Every structure is written in structure tokens, then in C-alpha cells.
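Q: Could you take me through one part of this structure up close? I'd like to follow the charged side chains and see who pairs with whom.

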Amino acid sequence: MPASRTLIASLICATAALGAAGCSDEDSSDQPFEGKSADRVAAEAVAATRDATSLRMAGKVAADGRPLTVDYHVDTRKNCTGTMVADQASAQIIHAGQVTYVKGDKGFWASAAKNAAGGRKDTRALAGRWVKVPVGDASTTGLCDKQGFLADMDSDKSERKGMTKGDATTVDGKKAIPLTKKKGGGETITMFVAAEGKPYILKLVQSGGKNAGTVVFSDYGKPVHATPPPANQVIDGTRGGQTS
């Protein structure tokens, strides 16, 4: 699987139960969201996060046993800037307008080339260079699709059962309420929801299992400054590797 596809898979796996909530416990009088069950709080958090014009997702996750550090700032118009670092691969991503640019190291392009139609590319030529990626390229599809990503989080309605609310806490200085669910195989998922202002998701933690990790959500509503790289620094992958 290409490194960038692995990134998306890991984030989706780590957040697949984001919409998972559904016990009927009630808040005590000193808790945020008084009178609301965990499922209602989670539903409001998913809706608020989905409707945000932009957000940042950053953290450490895993897929198929591979650790990944990710940091993406995306908006509803698919503008995006971000980085990903795996054990033997790393890349920067810019999506501006309708174009995706990738600056990966040799490990990234070697991984992407394994599943590329037409065989392996010259990873030495691409490494460290900005590459304009063809529209629909399998190695980058979905990287900057905020709405698609959040849809994946909330795709399994059967997961909306079994979460409970914990005591109020803080995430990066913001008051939050944790929603926790224990799953099979020793997995525990905790979603932290902002208790003041809009009920945005602030953090998701998954412990145990193969996809343990933490993703922090921040910078809600902040502009995404996605500026294309200088043309003389770009290899145009849509034209067989010519320099723009």
C-alpha cells in the first residue's frame, strides 16, 4: 500500500468509531452537557466538526503495525497543507485549487511506486522535489478531502452504542468532556468534546489493538494557506515528469 494511502487508512481506522456513542447515562449537575446522553453529545460533536469550515488534524497513529506522525490543516474547499512521517518514509503535501503537490523522500516514492501502474518510477529523481500529481492519482486520493474523511468517521452507525461520559477535563487549555468506549480485543476509544462554545471534537485517543494512537483536532475555522510551490521547483507528474 502506498505510504499516503496507508496514512489515510490509519487515520480512518483510528477514528472509525468517532461517531460511536449511545449509552443513556445522564450528566450530574456539575458536568457539561447536563441532561444529554453520551450518544447525543457525540452526535452534536460529529455534526459541529463536519460543519466547520476548516480544522487541523495532528498526532501519532498506526496502521498494520506501522507508526505514523501526521499533521494536516484542511478546509471544506479541499485546500490543504500537511506532513506525514513514517519509519522509512516522509512527505509534505499541498493541495491548492484543484492540484495536489507532493514532496516526498526516497522511501515515500519507493512505496508509492510499488503499486503504480507502469512499474517503478525513478525514486532518486523524485526524492526531495515537488511533484504535481495527476488528478485522481491513487497515492494521494482522499488526503485533503475533509468532508470525505469525516464521513468515514461516521459511516458505521452500529458503533453508536456503549460509550460513557467521564469527568470534565481540559485539552490544550480548553474545557472538554471525554466519551469512552471499551471494545473487544482490549481496545479503548476516548473522544474529547469541547464543553464550551461549539461542541467540536478536540482529541481522539485509541489504546490497545493494532491501531493505537492519538489525533488532536484544532484550529477550527482558521484559514488554510495553501500556496503552490514555485513553478521552477515543480516536476509535472501529469506530463511524464517534465519540470514546469
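A: Let's start with a word we'll need: a residue counts as buried under 20% relative accessible area, as exposed over 50%, and as partly exposed in between. Keep in mind that this is a predicted model.

Now find lysine 36. Its relative accessibility is 21%, so lysine 36 is partly exposed. Lysine 36 makes a salt bridge with glutamate 44, and the closest N and O atoms are 3.2 Å apart. Glutamate 44 has a relative accessible area of 23%, so it is partly exposed too.

Glutamate 44 has another partner: it also forms a salt bridge with arginine 40, with 3.3 Å between the closest N and O atoms. Arginine 40 comes out at 45% relative accessibility, so this residue is partly exposed as well. Where do glutamate 44 and arginine 40 lie? Both are in helix H2, four residues apart, which is about one turn of the helix. Put the pieces together and you get a network of salt bridges linking Lys36, Arg40 and Glu44.

Stay with the charged residues and move on to arginine 50 and aspartate 51. Their side chains meet in a salt bridge, at 3.9 Å from N to O. Is aspartate 51 buried or exposed? At 56% relative accessibility it is above the 50% cut-off, so aspartate 51 counts as exposed. Arginine 50, with a relative accessible area of 35%, is partly exposed. Across the whole structure, a search finds five salt bridges, and the ones we've walked through are among them.

Helix H2 has another side to its story. It covers residues 38–51 and gives five residues to the largest nonpolar core, the most of any contributor. That core has 41 residues, and those with the most contacts inside it are Tyr72, Leu179, Val193 and Phe217. As background, nonpolar side chains in soluble globular proteins tend to be buried together. There is also a second, separate core of seven residues, including Ile94, Trp130, Val224 and Val234.

One last stop for a charge, this time with a ring as its neighbour: the charged end of lysine 203 sits over the ring of phenylalanine 192, 4.9 Å from the ring's centre. So much for the charges; to finish the tour, go back to Lys36, Arg40 and Glu44 and trace their network of salt bridges in the picture yourself.

Methods. Residues numbered from 1 in each chain as written. Predicted model: local features only at pLDDT ≥ 70, side-chain atom pairs only at ≥ 80, totals over all residues. Heavy atoms only, no water. Core = buried A, V, L, I, M, F, W, Y, C linked by side-chain atoms within 4.5 Å. Buried < 20%, exposed > 50% of the residue type's maximum accessible area, 1.4 Å probe, protein only. Helix = DSSP H or I, 4+ residues; strand = E, 2+ residues; numbered from the N terminus. Lys NZ or Arg CZ within 6 Å of the ring centre and 35° of its normal. Salt bridge = Lys/Arg side-chain N within 4 Å of Asp/Glu carboxyl O.
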